[in-house]
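User: I have a structure open and I'm new to this. Can you walk me through it?
Analyst: Yes, send it over.

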Amino acid sequence: MIETAETYFQKVDRPEARRRLSDRPLVLKRELSNKTVRAKINHGRWLVLCPNCPSAEFLFNDKRFFCSECKNEAIGGELYRVIMPMKKSQIEALLESRSISNRNWQYPETVDDLIRENELHSKEIE
Ligand SMILES: [Zn+2]
């Protein structure tokens, strides 16, 4: 599976992880901007890279991005809308056969690209 904030933070027994989940309703009270950012998959995790600072966050299922480092100050603290790929399920399924470190996807890679990569590296995939 490809981890999201929800799946990851629920199994990590750290106060920081619990706070990320419990604070989410507060984060969602912020204004929603028309600005967008894209989600990517890195080492089996759905992430969003902050467009304004070097930080990245796990993707939440609500598809709203709020950077815990810079607090989205560049857009007045509003939330970004996260753009997900149309073929999210297919992308996730194609990455399942890979080792965690090779579960990577980012726009504009296509499903066909992933199929081709899987075929190229079929000997490394059990
Ligand atoms: Zn940031």
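Analyst: What follows goes from the overall layout to the sheet, one loop and the core.

Analyst: This is a predicted model, where local features need pLDDT of at least 70, side-chain atom pairs count only at pLDDT 80 or more, and totals for chains, interfaces and linings use all residues. Residues are numbered from 1 along each chain as its sequence is written.

User: OK. What is the secondary structure made of?
Analyst: The protein has five helices and five strands. Helices (H or I, at least four residues) and strands (E, at least two) are DSSP runs, numbered from the N terminus. The order from the N terminus is α-α-α-β-β-β-β-β-α-α.

User: And what box do the C-alpha atoms fill?
Analyst: Roughly 45 × 35 × 25 Å, taken along the principal axes.

User: How are the strands ordered in the sheet?
Analyst: The order is 3-2-1-5-4, in an open sheet of five strands with mixed pairing. Strand 3 and strand 4 (64-65) are the edge strands, and each pairs on one side only. Two strands pair if DSSP finds at least two bridges between them.

User: Which way do strand 1 and strand 2 run, parallel or antiparallel?
Analyst: Antiparallel, with four bridges joining strand 1 (residues 32-42) to strand 2. One bridge pairs Ala39 with Val48, and another pairs Lys40 with Leu47. The two strands form a hairpin with two residues between them, and His43 in the turn has a positive phi of about 50 degrees.

User: What about strand 2 and strand 3?
Analyst: Strand 2 and strand 3 (residues 56-58) also have a hairpin, through six residues. Three bridges join them, and they run antiparallel. Val48 stands opposite Glu57 there.

User: And how many bridges join strand 1 to strand 5?
Analyst: Four, and strand 1 and strand 5 (residues 79-83) run parallel. Thr36 stands opposite Arg81, while the bridge partner of Arg38 is Ile83.

User: Back to strand 2. Which side chains point to which face?
Analyst: They alternate along residues 45-49: Trp46 and Val48 point to one face and are buried, while Arg45, Leu47 and Leu49 point to the other and are not. A residue is buried if 20 or more other C-beta atoms lie within 10 Å of its own, exposed if 12 or fewer, and partly exposed in between, with C-beta atoms placed from the backbone.

User: How much of the protein counts as buried?
Analyst: Of the 126 residues, 16%.

User: Different spot. Where does Lys63 lie?
Analyst: Lys63 is in the loop between strand 3 and strand 4.

User: Why does Lys63 count as partly exposed?
Analyst: Because Lys63 has 16 C-beta neighbours inside 10 Å.

User: What is Lys63 in contact with?
Analyst: Arg81, Val82 and Met84, leaving aside neighbours within four places in sequence. Two residues are in contact if their C-beta atoms, placed from the backbone, lie within 7 Å. Ala74, 11 residues from Lys63 in sequence, is 19 Å from Lys63 in space, C-alpha to C-alpha.

User: Last topic: which residues of the largest nonpolar core touch the most other members?
Analyst: Leu59 and Phe65, out of 16 residues in that core. Helix 1 (5-11), strand 1, strand 2, strand 5 and helix 4 (88-95) each supply at least two residues of this core. A nonpolar core is a set of buried Ala, Val, Leu, Ile, Met, Phe, Trp, Tyr and Cys residues joined through C-beta atoms within 7 Å.

User: And what is Leu59 in contact with?
Analyst: Beyond neighbours within four places in sequence, the contacts of Leu59 include Ala39, Trp46, Val48 and Val82.
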